[in-house]
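Here is a short report for a first look at this structure. Start with the ligand, then turn to the helices.

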Amino acid sequence: MLLFRHDAQEPPILSPRIPIIGHLINMICYKQDFYHQLGQHNPDLPIFTLPLGLGKMYIITSPALVQAAMRKKSLSFEPLTVAFAERMVGFGPNIMDLMHHPPANSESWLNAQHKPYDMLAPGAALNDMNARVLNSVADIINSVGPEFETKQFYIWLRNSFTRATTGALFGAQNPLTEDPKLNDSLWDYEGGQADLLMKPFPSLTARKPFQGRAALQEALRAYFRAGHDQDSDVSLVIKGRVEVNKKWGLPIDDIADHELGMLFVSVTNAIPTLFWMIFYVFHDSQLVADLQNELLGCVEEMEDSNGQRECIFSVAKFSAECPLLVSTYQEVMRMTNRQLGTRTVIEDTYLSHSSVGDAAGTPTTYLLKKGTHIQMPSIITAYAPATWGEDVHNFDPRRFITTGEREKERQQNRAFNPFGGGKHLCPGRHFAYAEILGAVAALVLGFEIVTPEGGQVSVPPMNNSLVEAVGKPLSDVQQNLLVNIRRRPGWEGVKWRFVAGNGTTDT
Ligand code: HEM
């Protein structure tokens, strides 16, 4: 029984067991587990229509169709951006007006936002940002001493790397350095975004994220009014965004509000990914030993002018010289990425791919109807046994090391989309690579990370959320997980340093 129209050319319907609302109930109750089950139980459906009460959604499971969909202009991210901007990001009427009334014959404001992302592509501007963030990463790890220190680990990592990242983007005068409490405000806002969107009267019903956002907006406005965005240590991506918005005539307070988005995206996925990578690695003493061996061949040692031992990693060397480190990073992302890849069909669209069709090899073409939402959940493509093998649920740090099986690797590359794709492919991926791999390389070679009792750490459970592109540990774990960290014997006196490099840092 259907409460919506369904054309025979549209993707086949996957009927729920409880008519009409079965999928909706399962989605609300089981969240990511629901999508996971959909993928595991329907390996032969490359795309299907999911009835959701009065409406429907298309789910794409075939990596080839995901790639084709990401390239289609008529499958757009913009309607959702506009829908979320006011309630979730808190944009005021000036920005909302630009979103709702794009000029008929020239580029829209939303499109104009893409140009500054060029500054996050490999090149001088990215090297500059990487150098700044890696300097701060060096400060964080050099502050750890030779005796075990017990850390509230997630919070320690979160706070120190948030400061490092925002410093690299917004310069030393950024609001989070000025007022460390804003660090909590940022994560309060991050943790309650869904509530801001869904709950009525969010100022009352979602107080924490609402107040966190307000505090950040106020601080960003003060930063912009004081002209700190023009300081010499501010990244070119931020300067580029500000320039675009000034050209569009936005007042300074709206320009400040807009940067809340950048503050948020720069930390929300990278820091949890770093957390998971540390735990997956330090959980496995053989992996730690193998990585240490690999990293010994990549680290440069020298003495500084005071005779102190310095160990230096050049981030540009990782891709050529540290295949296990890079593969571990990719495998961590395969295991922990939870992006849903949501798009909206803005005009009727035909979707097909040569690899999706009948036994005779004739591609099947699907009609996607205007106004329907599409999702391409990572948890489906990244956990498909047909692509990754029967051990898909196991963590295999060597999974991404090239073996020369070209067809298998081609299929896996297509199914591995932790950074999304198409026009919205995450522009921050090179920056994240430098920050995360730089930090993990130094931690593995020069530090011990164990439980407070001295045992091996285990990978904590992940929360089950539909709004996080990278899952976070459960809130109890975030607050209470204690870990001991110290310098590795033999590496006590080392000063860690990084070279940002100018090679490609793509994954
Ligand atoms: C491991 C870390 C990261 C992950 C897994 C990640 C993932 C993603 C994903 C899934 C998207 C949406 C893509 C889509 O819908 O197709 C995205 C967009 C974006 N990310 Fe990241 N991201 C990471 C780090 C960063 C960092 C460090 C920055 C900034 C320095 C950043 C900036 C952005 C921006 C600006 C967008 C919006 C792009 C657009 O709409 O065109 N990301 N990211």
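How far is an oxygen atom of the ligand from a polar backbone atom of Gly 421? The distance is 3.1 Å. The model is a predicted one, and this distance is computed from its atoms.

**Polar contacts of the ligand**

Gly 421 has company. Arg 343 and His 424 also face oxygen atoms of the ligand, in each case with an N or O atom of the side chain. The table sets out the three contacts.

| Residue | Part of the residue | Distance to a ligand oxygen atom |
|---|---|---|
| Arg 343 | side-chain N or O atom | 2.7 Å |
| His 424 | side-chain N or O atom | 2.9 Å |
| Gly 421 | polar backbone atom | 3.1 Å |

Which elements give two or more residues to the shell around the ligand? They are helix H15 (252-268), helix H16 (270-282) and helix H23.

**The shell and the iron**

The ligand has 22 residues around it. Those that come nearest are His 114, Arg 343, Gly 421, His 424 and Cys 426. By type, the shell holds 10 nonpolar residues, 10 polar ones and two charged ones.

The ligand carries an iron atom, and Cys 426 is its only protein donor. The SG atom of Cys 426 sits at 2.3 Å from the iron. Where along the chain is Cys 426? It lies in a loop, with helix H22 (406-415) on one side and helix H23 (429-446) on the other.

**Two helix pairs**

H15, one of the helices that supply the shell, also packs against helix H8 (residues 153-170). Their axes are 10 Å apart, at an angle of about 135 degrees. H8 and H15 are therefore oblique to each other. Their crossing is right-handed.

A second pair is helix H10 (residues 181-191) and helix H13 (residues 207-225). Their axes come within 7 Å and cross at roughly 130 degrees. That angle makes H10 oblique to H13. Here the crossing is left-handed.

Note on methods: Residues are numbered from 1 along each chain as its sequence is written. This is a predicted model: local features need pLDDT of at least 70, side-chain atom pairs count only at pLDDT 80 or more; totals for chains, interfaces and linings use all residues. Side-chain values use heavy atoms; hydrogens and water are left out. Donors are N, O and S atoms within 2.8 Å of the metal (3.2 Å for Na, K and Ca); water is not among the atoms, so sites may look incomplete. Helices (H or I, at least four residues) and strands (E, at least two) are DSSP runs, numbered from the N terminus. A residue is near a molecule or strand if one of its heavy atoms lies within 4 Å of it. A polar contact is a pair of N or O atoms within 3.5 Å; within protein, one must be able to donate a hydrogen and the other to accept it, and residues adjacent in sequence count only if both atoms are side-chain atoms. Ala, Val, Leu, Ile, Met, Phe, Trp, Tyr, Cys and Pro count as nonpolar, Asp, Glu, Lys and Arg as charged, and the others, Gly among them, as polar. Axes are lines fitted to C-alpha atoms, for helices over the stretch in contact, and angles run from 0 to 180 degrees between N-to-C directions. Angles under 35 degrees count as roughly parallel, over 145 as roughly antiparallel, 65 to 115 as roughly perpendicular and the rest as oblique. A crossing is left-handed if the near helix is turned anticlockwise from the far one by less than a right angle, and right-handed if clockwise.
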